[in-house]
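Please look over the sequence and the model below before reading on. The paragraphs that follow go from strand pairing to the core and then to a single loop residue.

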Amino acid sequence: ETLKGHTCPVCSVAFSPGGRQIVSGSWDRTVRLWDAVTGAALQTLEGHTNVVSSVAFSPDGKQVVSGSVSGSNDRTVRLWDGSGITDARGPH
């Protein structure tokens, strides 16, 4: 299945620990959360001012961390915590 929503190339993708969600980071400066089963877009996280080059879930699946490409004016790591991030380890 193809997950569509980013407007520029995708740089990083990761599954949540429980496998229920996917996180992606893109040149469009956004982090997106997806439902891994249906492919539905769940949430768009905005705040980076340049390319999002790296994304990952926390071990419990309740937070996402993202990093912006070095050499840019952003150069930040952001920790996202919220209602859109709902995956926890456990049965599906």
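Which residue in β7 is the bridge partner of Val65? Before turning to the answer, the reader should keep in mind that this is a predicted model. The residue that stands as bridge partner to Val65 is Leu79, in β7, and this pair belongs to a stretch in which strand β6, residues 63–68, and β7 run antiparallel to one another over five bridges.

That pairing is part of an open sheet of three strands, arranged in the order β5-β6-β7 with antiparallel pairing. Because β5 (52–57) and β7 (77–81) each have a single partner strand, they stand at the edges, and one side of each is left without a neighbour in the sheet. From one strand to the next, the twist averages 20 degrees. In general, the strands of a sheet pair through backbone hydrogen bonds, in either a parallel or an antiparallel sense.

A further antiparallel pairing joins strand β3, residues 30–35, to strand β4, residues 41–46, and it also extends over five bridges. Within this pairing, Thr30 has Glu46 of β4 opposite to it. The hairpin formed by β3 and β4 has five residues between the strands, and in this hairpin Gly39 adopts a positive phi near 80 degrees.

Attention can now pass from the strands to the side chains. The largest nonpolar core consists of 10 residues, namely Ala14, Val23, Val31, Leu33, Leu45, Val52, Val55, Phe57, Val64 and Trp80. At least two residues of this core are supplied by β3 and at least two by β5, and it is β5 that contributes the largest share, with three residues. Val31 offers a useful view of these surroundings: when neighbours within four places in sequence are left aside, its contacts include Val23, Leu45, Val52, Val55, Val64 and Trp80, and also Ser24, Gln43, Thr44, His48 and Ser66.

The last stop is Thr49, which is found in the loop between β4 and β5. Why does Thr49 count as partly exposed? Its relative accessibility is 40%, and the class of partly exposed residues lies between the limits of 20% for buried and 50% for exposed, so Thr49 falls into that class. Once residues up to four places away in sequence are not counted, Thr49 touches Arg29, Asn73 and Asp74. The C-alpha atom of Thr49 is separated by 9.3 Å from that of Asp28, a residue 21 residues apart from Thr49 along the chain.

Note on methods. Residues numbered from 1 in each chain as written. Predicted model: local features only at pLDDT ≥ 70, side-chain atom pairs only at ≥ 80, totals over all residues. Heavy atoms only, no water. Pairing = 2+ DSSP bridges. Helix = DSSP H or I, 4+ residues; strand = E, 2+ residues; numbered from the N terminus. Axes fitted to C-alpha atoms, helices over the stretch in contact; angles between N-to-C directions. Core = buried A, V, L, I, M, F, W, Y, C linked by side-chain atoms within 4.5 Å. Buried < 20%, exposed > 50% of the residue type's maximum accessible area, 1.4 Å probe, protein only. Contact = heavy atoms within 4.5 Å.
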